[in-house]
Amino acid sequence: MYTLIYQDKGVQKTFALTRPEIIIGRARDNDLTLQDIGISRRHCRIQVGPDGCTVADLGTLNGTKVNGRPIVEVPLKDGDEILIGGFPIKIRYSAEENVHMVEGNPLDSGVGTYIMSVGDIVKAYGTEDTSEDGSLARHAAVLTPEGMDLRKKYNALKFLTKVVESIIKVQPLDQVLNTIMDIVFDNFPAERGFLMLYERESDSLIPKIVRFKKAGLGGEKIAISRTIANKVFREKQSILTQDAQVDSQFEAGESIRFLGIRSAMCVPLWHKEDVIGIVYVDSLIQSVTFAPQDLELLTIMSNYAAVGIEHARLNARIQEEMKKRAKLERYHSPSVIRRILESPESGNEISFSLQEKDVSILFMDIVGFTSMAERLEPQRVANILNDYFTQMTEIIFQNDGTLDKYIGDAIMAIFGAPFLQPDHAIRAVRTALQMLRKLDSINSKRGDGLVIQVRVGINSGRVVAGDVGSPERMEYTVLGDTVNVASRLESSVAAPGQIIVGQNTYEQIKDKFKIRLIGTPSMQGISKSMQVYEVIDNLETEA
C-alpha cells in the first residue's frame, strides 16, 4: 500500500493510493485537492500498478520534482519526496497492510497437501537417500532431475541459472527483493505473493514485498495461516496445497475460504543454518495450480535468493560503515573511530543524538593571521594553514580529542565527547602544551623568518553534544555557555603563547600542571566574573 504524507496548515495528513490512478491539483474535482499558490489546477498524475508506482507532471508551469530533480515521468520508491510546485509530499510504502496473519489448525500432510523438508529437497539433487524415514526416496521420482523428462530438466536448469545470474549480484536490498518476486511471477502461475523477512528486534516476520499479477488485485489483503508461516519458518519446511478450499489441513478458520484461495505454496528463505524469511504465492482461479515440482524449484530458488539477500545486506552494511567512517575521520582519532564502529548496536555507549555531557573545550587561534595573509601570496597562506592544521589535529587525535571544526585560522576541539572521558580536562591541557611545543619546532624548522604565534583558551563544564544541522547536512558539535566561555578565554584573555583555563578546568588539573592565577578579567559577552589561570607546564615529565 502506497501512502502520501504531507502538511496542510501545520497538520500532518495522509492519503492512501487505493486506486490505479490519482490526479493531484488545486481543482476540486481532483482525487487529491491541495490549495497552494504554486500548484496548478491539474498538476500531476500518480499511477499504481503491479510493478510499482510512478508520477508524471501534467505540463505545469511550476513543474514537478522528485528528490529535488525536475521530472516528466519517473518511478517512485518508499521515502521519495515529490515537490508539486513548491509543495512537498512524501511517499511511503507499507507491505504490511497487504498481508494478514490468521490463526490456523494443526498442520499435517493430507490429501492435496505436500510438506517437504528443505534439507530433503536440497539433497534430492544428489544421488544418495540420506533421509532417515525414506521420504527422499518417496519424492525422488517427482523431485529429482532423474524423475523429470528432458524438457523439464532443461527448464529447471535454465530457471536456476537465471536465478543465480539475477540474484547473486551486488545491488541494493530493495532491488534484490523485487528481482526475486519478478523471477517468481515470471516462472510460476501465481496471482499473488509476498516476501517476508525476519526481524530479530521484534522476533517476527515482516512483509517487505507484496506482488499482484493483475493491477485490480492491488487493494486486496493476502491471508496466510500463522500455523503455516511458523512451520515454514521454524521447522524449515516447504508447504504446498493444491486446493485450500477443501483441504482442512491448510485452512485458517473461515478466512481462507472467505478470501477464495485455491492453491498456494510457502517456502523458507534458508541461508546456511538460518531461515531469514519466507516466500508465499497463491492462486484464486483454480485448484492444482502448483505441482510438487513447482514447490521443489521454488524452494531451491529461495535458497539462492537468501544468499542474494544476505549479500545485499552485507554490502549495505559495508557501504554504511564506509560512509560513517569517512564522516568520523574528519573529527575523531583512529582509536575513537574504532570504538565507535565496534560498539554494539544494543546498549551502545555512544550516541550522536543531542544529550548533556561534561566536557572540556579547547580554542586555539593564530595571532595576527589577517595581517600575515595580507603580506603573503594566497597559495603560500593556504600551504601554511594546511601544514599547521595537519600538525595540530594530529596532536588532538593522539589525545583522543574530537575536532569540532576549523573556524578560519582557529581550531575548536572537544574532550569528553562523544565518549565519556573522566580526565577530559587533563587531556585538553596536555594537548595544548604539546601543540605549543610542536609549533615552536615548526617555526624553528621553517627558516624563512615567519613565526606563527597562537593563543589558547580551555574551559570545562556541561554542554549539549550531538548532531546539529539540517537533514541534508548534520555536524557533530557542542552547545552551551561552557563553549562561549572557552572562546572568550582565548580571544579576550590569552596573550600570544599563553594557555588560559577557566575555574572549572583549574579544579580538575591543579595537581597535574604548573599553574598561576591571572585574576578575574572581564570578557566580552560574558556577564559573570570568574577566576582564570595560565598553564605554564607539566609538573611531571610526560611519558
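**Reading loops, strands and surfaces**

Q: Let's start with one residue. Where does Ile526 lie?
A: Ile526 sits in the loop between β26 (513–519) and β27 (532–538). Keep in mind as we go that this is a predicted model.

Q: Is Ile526 buried or exposed?
A: The general idea is to look at relative accessible area, where buried means under 20%. Ile526 has 14% relative accessibility, so it counts as buried.

Q: Which residues does Ile526 touch?
A: Leaving out residues up to four places away in sequence, Ile526 touches Asp481, Asn484, Val485 and Arg488. Take Asp481: it is 45 residues from Ile526 in sequence, yet their C-alpha atoms are 9.0 Å apart in space.

Q: Now for strands. How do strands of a sheet pair?
A: They pair through backbone hydrogen bonds, and the pairing can be parallel or antiparallel. Here, an open sheet of six strands has antiparallel pairing, in the order β2-β1-β11-β10-β7-β8. Its edge strands are β2 (11–16) and β8 (69–70), each of which pairs on one side only.

Q: How many bridges join β1 to β2?
A: Six bridges join β1 (residues 2–8) to β2, and the two run antiparallel. If you want a spot to click on, Leu4 stands opposite Phe15 in β2.

Q: What do side chains do along a regular strand?
A: They alternate between the two faces of the sheet. Burial is a separate thing to check, strand by strand. Try β20 (residues 355–366), which is mostly covered, with nine of its 12 residues buried.

Q: Which strand do five bridges join to β20?
A: That's β22 (residues 410–415), running antiparallel to β20. Within this pairing, Ile361 has Ile414 in β22 as its bridge partner.

Q: Over to the surface. Which residues make the nonpolar patch of about 290 Å²?
A: Leu354, Val464, Val468 and Leu479 make that patch. Val464 belongs to strand β23 (residues 454–470). Val464 has a relative accessible area of 30%, so it's partly exposed.

Q: And the chain overall: how many helices and strands does the protein chain have?
A: The count comes to 13 helices and 27 strands. Of the 543 residues in the chain, 48% are buried. The chain exposes about 27,300 Å², and carbon and sulfur atoms supply 50% of that area.

Q: What share of contacts join residues at least 24 apart?
A: Among contacts between residues at least 6 apart in sequence, 61% do. The Ile526 and Asp481 pair, 45 residues apart in sequence, is one you can look up yourself.

Conventions: Residues are numbered from 1 along each chain as its sequence is written. This is a predicted model: local features need pLDDT of at least 70, side-chain atom pairs count only at pLDDT 80 or more; totals for chains, interfaces and linings use all residues. Side-chain values use heavy atoms; hydrogens and water are left out. Two strands pair if DSSP finds at least two bridges between them. Helices (H or I, at least four residues) and strands (E, at least two) are DSSP runs, numbered from the N terminus. Buried means under 20% relative accessible area, exposed over 50%, partly exposed in between (1.4 Å probe, protein chains only). Contact means heavy atoms within 4.5 Å. Patches are made of residues with over 30% relative accessible area and no salt bridge: like charges are joined within 9 Å, nonpolar side chains (Val, Leu, Ile, Met, Phe, Trp, Tyr) within 5 Å. Accessible areas come from the Shrake-Rupley method with a 1.4 Å probe; for residues, only the protein chains shown count as cover. A salt bridge is a side-chain nitrogen of Lys or Arg within 4 Å of a carboxyl oxygen of Asp or Glu.
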